[in-house]
Amino acid sequence: MHRTAASLAVLALIATPALARHARQHTATPHPAFDMQRALKLHNDLRSSLGVPALSWSEALTQDAQNWANQLAKSGSFDHAANNDDGENLWTGWGGTFSQDSYFKSWLGERTAFINGVFPNISRSGNWADAGHYSQLIWRDTKELGCAAAYVGNRTVIVCRYRPAGNVEGEKALP
């Protein structure tokens with residue numbers, strides 16, 4: 001399976017240098033309110049509604065996601081992990097004014113842009129990134145999920161990892 005470097009979408013949020021300096025002065029902590037079972041249920045309810053097989057929870061992916069979420073929260077950065085062969089969706093929020101499901105709703109919101117074309121032709125706009133989070137949620141060949149959250153100060157970072165990765169060039173998300 002071959003993925004391009006641009007095979008995963010990123011929520012367009014950029015950390016400021018001041019945020020990065022502030023975050024480095026603090027320790028990232030796993031978010032105690034993040035509900036892993038809820039994350040799996042949200043994914044599998046969506047997949048079920050589309051006739052796509054359910055995902056199983058992976059402790060290995062969860063640990064990888066937690067490590068990356070901790071690093072992003074601590075550094076103040078917001079980038080996909082380099083040298084990662086798994087699929088990855090990222091989300092960040094500040095101030096606790098978001099609901100437990102905000103990250104998922106953000107990714108789910110991309111379904112209005114999604115078309116079930118051959119990747120990278122998966123978006124009504126012609127820009128695959130406009131539907132890239134959503135297509136990873138529903139990618140038919142993905143079998144495992146692991147999600148985690150970390151926070152520093154008032155910033156929360158959520159990372160979900162998917163195996164095998166979706167958004168594979170030349171393939172479709174749905175049968």
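Partly exposed, as used here, describes a residue whose relative accessible area falls between the buried class, under 20%, and the exposed class, over 50%. Arg 38 fits that middle class, because its relative accessible area is 31%. The structure discussed is a predicted model, and the wording about burial below follows those cut-offs.

Starting with the overall layout, the chain has 175 residues, and 49% of them count as buried. Five helices and five strands make up its secondary structure. Going along the sequence, these elements come in the order α-β-α-β-α-β-α-α-β-β, so the pattern closes on two strands in a row. As for contacts between residues with a separation of 6 or more, 75% involve residues 24 or more positions apart. The surface that the chain exposes comes to about 8,200 Å², and carbon and sulfur atoms supply 53% of that area.

The cysteines come next. Searching the whole structure turns up one disulfide. The partners are Cys 147 and Cys 160, with their sulfur atoms 2.1 Å apart. The link joins distant parts of the chain: Cys 147 belongs to strand 4 (residues 144–152), Cys 160 belongs to strand 5 (residues 155–163), and 13 residues separate the two. About the S-S bond the angle is 110°, and the link of Cys 147 and Cys 160 is right-handed. Is this pair buried or exposed? Cys 147 has 0% relative accessibility and therefore counts as buried. Cys 160 is also at 0%, so Cys 160 is buried as well.

Moving on to charged side chains, the structure contains five salt bridges. One of them pairs Arg 38 with Asp 101, at 2.7 Å from N to O. This pair, too, links distant parts of the chain: Arg 38 sits in helix 2 (residues 36–49), while Asp 101 sits in the loop between strand 3 (87–94) and helix 4 (102–108), 63 residues apart. The two ends of this bridge fall into separate burial classes, since Arg 38 is partly exposed at 31%, whereas Asp 101 is buried at 12%.

Helix 2 also carries a salt bridge between Lys 41 and Asp 45, again with 2.7 Å from N to O. The two residues are four apart in helix 2, so about one helical turn separates them. Lys 41 counts as partly exposed because its relative accessibility is 43%, and Asp 45 is partly exposed too, at 42%.

A further salt bridge brings together Glu 88 and Arg 161, with an N to O distance of 2.7 Å. Glu 88 lies in strand 3 and Arg 161 in strand 5, so this bridge ties together parts that are 73 residues apart in sequence. What about burial at this bridge? Glu 88 is buried, with a relative accessible area of 0%, and Arg 161 is buried at 5%.

Strand 5 holds another arginine, Arg 155, and here the picture changes. Arg 155 is buried yet has no salt bridge. Asp 79 is the nearest side chain of opposite charge, and Asp 79 is 8.6 Å away. A salt bridge requires a nitrogen-to-oxygen distance within 4 Å, so Asp 79 does not pair with Arg 155. What does lie by the side chain of Arg 155 is a backbone atom: the oxygen of Ser 77 is 3.0 Å from one of its polar atoms.

Finally, there is Trp 107, a residue of helix 4. Trp 107 counts as buried because its relative accessibility is 0%. Leaving aside residues up to four places away in sequence, Trp 107 touches Asn 89, Leu 90, Trp 91, His 133, Tyr 134, Leu 137, Cys 160 and Tyr 162. Cys 160, on that list, is the disulfide partner of Cys 147. Leu 90, also touched by Trp 107, makes a polar approach as well: the backbone oxygen of Leu 90 lies 3.2 Å from a polar atom of the Trp 107 side chain. Trp 107 and Gly 132 are 25 residues apart along the chain, and their C-alpha atoms are separated by 8.4 Å.

Methods: Residues are numbered from 1 along each chain as its sequence is written. This is a predicted model: local features need pLDDT of at least 70, side-chain atom pairs count only at pLDDT 80 or more; totals for chains, interfaces and linings use all residues. Side-chain values use heavy atoms; hydrogens and water are left out. A disulfide is a pair of cysteine sulfur atoms within 2.5 Å. Buried means under 20% relative accessible area, exposed over 50%, partly exposed in between (1.4 Å probe, protein chains only). Lys and Arg count as positive and Asp and Glu as negative; His and the chain ends are not counted. A polar contact is a pair of N or O atoms within 3.5 Å; within protein, one must be able to donate a hydrogen and the other to accept it, and residues adjacent in sequence count only if both atoms are side-chain atoms. Contact means heavy atoms within 4.5 Å. Accessible areas come from the Shrake-Rupley method with a 1.4 Å probe; for residues, only the protein chains shown count as cover.
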